[in-house]
Amino acid sequence: MEIVGKVIQVLPLTGGTSATTGKTWQVETFIIETLENYPRKVAIEVFGEQRIKDNPVQIDQVYTISFDLESREFNGRWYTSARAWKIVAGQ
């Protein structure tokens, strides 16, 4: 999937250590606002230290973002994430 929007907020980097593998992980989340007549705000995640370094984003810049949607169930509740795999400046 692809979405085009302007970055309006970059949240603090989060991370941890995998309980199963012992490897560290990082996630950067940023919020974009689409450029439509009725703009929508969407939280996008970038997972992995190298992917975060390869795809820096800046507030007030417009990007075309390729991403995958995924939903997971935990304790009877469902959670959906939009995980970016390619970020290109501009439309």
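This is a short tour of a predicted model, stop by stop.

**Stop 1: the aromatic pair**

Select W25 and F47. They make up the one aromatic pair that the structure holds. Their ring centres are 6.3 Å apart and the ring planes meet at 20°, so the pair is stacked; planes under 30 degrees apart count as stacked. Now colour the strands. W25 belongs to strand 3, which covers residues 24-34, and F47 belongs to strand 4, which covers residues 41-47. The two residues are 22 residues apart, and the pair links distant parts of the chain. Turn on the surface to look at each ring's residue in turn. W25 is partly exposed, with a relative accessible area of 34%. F47 is also partly exposed, with a value of 32%.

**Stop 2: a buried charge in strand 3**

Stay in strand 3 and select E28. Which side chain of opposite charge is nearest to E28, and how far away is it? It is R51, at 11 Å. E28 is buried and has no salt bridge. Next, show the residues around E28. Leaving aside residues up to four places away in sequence, E28 touches V10, L13, I44, E45, V46, I52 and V57. Keep E45 in view, as it returns at the next stop.

**Stop 3: the salt bridges**

How many salt bridges does the structure hold? There are three.

Begin with R83 and E45. Their closest N and O atoms are 3.6 Å apart, and the two residues form a salt bridge. R83 sits in strand 6 and E45 in strand 4, so this pair ties together parts that are 38 residues apart in sequence. R83 is partly exposed, at 31% relative accessible area.

Move to E33 and K41, another salt bridge, with 3.3 Å between the closest N and O atoms. E33 is partly exposed, with a relative accessible area of 23%. K41 has a relative accessibility of 59% and therefore counts as exposed, since the cut-off for exposed is over 50%.

Then select K53 and E49. This salt bridge has its closest N and O atoms 3.4 Å apart. Both residues are in helix 1; being four residues apart there, they are separated by about one helical turn. Is K53 exposed or buried? K53 is exposed, with a relative accessible area of 55%. Its partner E49 is partly exposed, at 44%.

**Stop 4: two residues with positive phi**

Go on from helix 1, residues 49-54, into the loop that leads to strand 5, residues 62-74, and select D60. What is phi of D60? It is near 75°, a positive value in a residue other than glycine. D60 is exposed, with a relative accessible area of 53%.

Follow strand 5 to its far side and select N75, which lies in the loop between strand 5 and strand 6. Strand 6 runs over residues 77-89. N75 is not a glycine either, yet its phi is positive, at about 55°. N75 is exposed, with a relative accessible area of 66%.

**Back to the start**

To finish, show strand 3 and strand 4 together once more. W25 in strand 3 and F47 in strand 4 form the aromatic pair. E28 also lies in strand 3, and among the residues E28 touches is E45. E45 is in strand 4 and pairs with R83 of strand 6.

Technical notes
Residues are numbered from 1 along each chain as its sequence is written. This is a predicted model: local features need pLDDT of at least 70, side-chain atom pairs count only at pLDDT 80 or more; totals for chains, interfaces and linings use all residues. Side-chain values use heavy atoms; hydrogens and water are left out. Rings of Phe, Tyr and Trp (its six-membered ring) pair if their centres lie within 6.5 Å; planes under 30 degrees apart count as stacked, over 60 as edge-to-face and the rest as tilted. Buried means under 20% relative accessible area, exposed over 50%, partly exposed in between (1.4 Å probe, protein chains only). Lys and Arg count as positive and Asp and Glu as negative; His and the chain ends are not counted. A salt bridge is a side-chain nitrogen of Lys or Arg within 4 Å of a carboxyl oxygen of Asp or Glu. Contact means heavy atoms within 4.5 Å.
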